[in-house]
Amino acid sequence: MRAPASDLPITLAEATVRVGDVALLDRISLVLAPGAPTVLVGPNGAGKTTLLRVAMGLLSPTHGRVTWDGREAVSATRRAIVLQRPTMLRRSAAGNVRYALRAAGAPRGEWERRTAELLRLVGLEAFSSRPARRLSGGEQQRLALARALARDPAVLFLDEPTASLDPAATKAIEDIVAAVAARGVKVVMSTHDLGQAKRVGSEIVLLHRGRAIESGTTEMFFAKPQTEEARKFIAGELLV
Amino acid sequence: MIARRTFAALLAFCAITAVVVPRTFAQDKSIVVASTTSTQDSGLFEYLLPLFKKKTGITVKVIAQGTGQALDTGRRGDADVVFVHAKAQEEKFLSEGQGVKRFPVMYNDFVLIGPNSDPAGIKGMKDVAKAFKVLHDKKQSFISRGDRSGTHSAELRLWKAAGIDIAKDHGPWYKAIGQGMGAALNTAQASNSYVLSDRGTWIHFKNKSDLQILVAGDRRMFNQYGVMLVNPAKHPNVKKELGQQFIDYLVSPKGQKDIANYTINGQQLFYPDASDPSA
Amino acid sequence: MNTDLSALQLVLSADPALIAIVKLSLLVSLTAVLLAALIGVPLGALIALTRFPGREAVIVTLNALMGLPPVVAGLAVFLALSRSGPLGSWGLLFTPQAMVIAQAILVAPIIAALSRQTVEDLWVEYRDELAAMNVAAAARVMTLIWDARFSLVTALLAGFGRAAAEVGAIIIVGGNIDGFTRTMTTAIALETSKGDLPLAIGLGLVLIAIVILINALAWGARRAGERYAG
């Protein structure tokens, strides 16, 4: 139903991000292929956010390289990200979505229709004229999702989208993510919630101290963890 | 897009303002006259200029400054006509080739003002030089314009007539404020001081409080006004026809009569003397 | 007593000469603020968003220029616009346009400095999000100015306050010509020099009332806008 994912696969080869002496990402090699969602797990500070930013193209690795469908430095027209703490622009909810549509270069004539569609998709149609900054945390998170989807992405990065939400709001987000993934969008999501990782992910990557420790299907990861770190993480004993 | 539209609207508004504002202010027939604070503060212009405009349709824009400053405005070519009261400075202006010709217009006189209590005891003195000598000897608080104005020049002449070199021989009692006549009167009022003023400004001045005229009528206190067209040969932008019309009006029988007719509370402020070539 | 009465009479009588003076004051100051905003807001935003050598020095200079003495600005404009000055051929000295220029010079640094602070604060907040949305550089500037517009109103008001209150610059470049370049502040200066202190105070009260009114209007607009945009 949608155009071929031009930015996929995303390939990281020995990608490293160093700030001073600290390696936020340490020689990560990873392929994000079209298909079911990939979930990045790991304790706080493991490098999840950095990895998402590098894969999105917001941050260039200091060593190694990233390619999108084999190319470097591709403008992020088919990628979108929901940041960990999204900033609402000082506009209405609909204004935020319209802004994203304009930034994505959507034709002007489609703004109204697509804004309404996207707000309906995230369940905010009733709040369209509400100032975005007056929305609750969960509603803001959903609005951020609508904004990201306005880019009509082939790949959607989500950085701990439910980190500070209650169970109901978390469920709402997960439902939207599932619907988006079902439409063929590649979802790459970070979380430190193991239950969520199980519910959403089909592939899991465990990060620890900037390194990819283990990756595999969700079933394998939870049923037969291959490394000591993975076993500790599943048991809730892995610390930074 | 909303932002862009608003911005465009703002730009359009500015463009309109830029076009409309000058139009609003545009006045086709007008001249700039650099004159003294005394002619403005005495209210003469408010009375005279509407009469002139009615006759000729010319708007006169008056910049009120001290005589020295007014002549400088003429020297830079920023005025078409100068209308001041310090004959020596006016003649210097002419000799520099800055003015075309000087026409005497009118005179009024200076008055020596002081507090009702008159601590120096100069009230009613006929000899202004003696009065100044007393102020100096008794170190009475005195406010000087100190701004190279006509009044300031007159004051310096009177100190000289009293045999005092005020530039060297003065103490803290002598305060040069470097401001206009009105400010000098306000300062004298507020500090119980003596001050030399032109009569026109004094009569028009509203904050007299306990100030009054103590010495007046000495011939050396006469205050002659002259008018000159700024030399168009030096400053090509000078509107010589319109400026000359203003001068012609001032020295004409009609203008002279209008000047004589200006009174406040029945007191005449200026005495026309265009017919006196020595003035 | 006397003072209050004549001030009140002045306002109530709506004297045409007074109205002309008020209109000219507003026209000059508002045009100056507009002109200064067109220069100051983009300049402030540009400094907020760019990093270049000497940037700190530019910011310090801008902040210092907020305190530029009006007389100095007036004198500079006077010398430039005088018939004997470099721009003398424009014939603008002793006109309202000259007063607009002088006030714009006084107000632009205030608007630029306050805009820079405002836009920079918002930029810290928006930076990641705008990068994530892949917004082009020029559009970022516009977005920040637009989204900071209610805070920028404060900068414009500060500028207007300075323009409306100042007398030193416009009396030099305008000449305080009756019916042509006489504003509220120069009229107050003149009436004071004529010793008509009640009238001067009356004019002063009118000026204060107008400034308060404009601030109230801007405040109301800001509140309404914030309700709408958050």
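Start by colouring chain B by domain: the assignment gives domain 1 (28-107 + 224-272) and domain 2 (109-221). Keep in mind throughout that this is a predicted model.

**Stop 1: the two domains of chain B**

Place a centroid on the C-alpha atoms of each domain. The centres of domain 1 and domain 2 of chain B lie 26 Å apart. Now select the contact between them. Domain 1 of chain B puts in 18 residues, and domain 2 of chain B puts in 15 residues. Together the two domains bury about 1300 Å², with 52% of that area coming from carbon and sulfur atoms.

Show Asp41(B), His85(B) and Leu269(B) as sticks. These three supply 30% of the area that domain 1 of chain B buries against domain 2 of chain B, more than any other three residues.

Next, look for charge pairs. Between domain 1 of chain B and domain 2 of chain B the count is 1 salt bridge. Select Asp72(B) and Arg148(B): they form a salt bridge, with the closest N and O atoms 2.9 Å apart. Polar contacts link 5 residue pairs across this domain interface, both partners being at pLDDT 80 or more.

Switch to cartoon and stay on the domain 1 side. Helix H2 (37-41) and helix H4 (67-75) of chain B are the elements that give two or more residues to this side. H4(B) gives the most, with 4 residues. Colour the domain 1 side by residue class: 5 are nonpolar, 11 polar and 2 charged.

**Stop 2: a charge pair within chain B**

Select Asp165(B) and Lys168(B). Their salt bridge has its closest N and O atoms 3.9 Å apart. Which of the classes, buried, partly exposed or exposed, fits Asp165(B)? Asp165(B) is partly exposed, because its relative accessible area is 41%. Lys168(B) counts as exposed, at 73% relative accessibility.

**Stop 3: from chain C to chain B**

Bring chain C into view and select Asp196(C) with Lys206(B). They form a salt bridge, the closest N and O atoms being 3.0 Å apart. This pair crosses between chains. Asp196(C) sits in the loop between helix H9 (184-193) and H10 of chain C, while Lys206(B) sits in the loop between helix H9 (199-204) and strand E8 (211-215) of chain B. Asp196(C) counts as buried at 11% relative accessibility. Lys206(B) counts as exposed at 55%.

Then turn back to chain B for a network. Salt bridges with shared partners join Asp72(B), Arg75(B), Lys92(B), Glu96(B) and Arg148(B). Over all chains, the salt bridge count comes to 34.

**Stop 4: chain C against chain A**

Hide chain B. Select the contact between the other two chains: 22 residues of chain C meet 21 residues of chain A. The pair buries about 1900 Å², 48% of it on carbon and sulfur atoms.

How many salt bridges cross the interface of chain C and chain A? There are 5. Zoom in on Glu129(C) and Arg147(A), one such pair, whose closest N and O atoms are 3.2 Å apart. The interface of chain C and chain A also has 10 residue pairs in polar contact, both residues at pLDDT 80 or more.

Show the chain C side as cartoon. Helix H5 (96-132), helix H6 (137-147), helix H7 (149-165) and helix H10 (197-229) of chain C each give two or more residues to it. H5(C) supplies the largest share, 8 residues. By class, the chain C side has 11 nonpolar, 4 polar and 7 charged residues.

Now select Asp128(C) and Arg53(A). Their side chains meet in a salt bridge at 3.0 Å, N to O. Asp128(C) lies in helix H5 of chain C and Arg53(A) in helix H1 (residues 48-56) of chain A, so the pair joins two chains. Asp128(C) is partly exposed at 33% relative accessibility. Arg53(A) is partly exposed too, at 22%.

**Stop 5: Asn96(A)**

Select Asn96(A), in helix H2 (residues 93-103) of chain A. Asn96(A) counts as buried, at 0% relative accessibility. Its side chain reaches the backbone nitrogen of Leu89(A) at 2.9 Å. Beyond neighbours within four places in sequence, Asn96(A) contacts Met88(A), Leu89(A), Arg91(A), Ala132(A), Leu143(A) and Arg147(A).

**Stop 6: Leu156(C)**

Finish on helix H7 of chain C, at Leu156(C). Leu156(C) counts as partly exposed, at 30% relative accessibility. Leaving out residues up to four places away in sequence, Leu156(C) touches Val33(C), Ala37(C) and Ile111(C). Add Ala108(C): its C-alpha lies 9.4 Å from that of Leu156(C), with the two residues 48 apart along the chain.

Technical notes
Residues numbered from 1 in each chain as written. Chains lettered and ligands numbered in written order. Predicted model: local features only at pLDDT ≥ 70, side-chain atom pairs only at ≥ 80, totals over all residues. Heavy atoms only, no water. Contact = heavy atoms within 4.5 Å. Buried area = accessible area lost by both parts, 1.4 Å probe. Salt bridge = Lys/Arg side-chain N within 4 Å of Asp/Glu carboxyl O. Polar contact = N/O pair within 3.5 Å; in protein donor to acceptor, adjacent residues only side chain to side chain. Nonpolar A, V, L, I, M, F, W, Y, C, P; charged D, E, K, R; others polar. Domains from an automatic or database assignment. Buried < 20%, exposed > 50% of the residue type's maximum accessible area, 1.4 Å probe, protein only.
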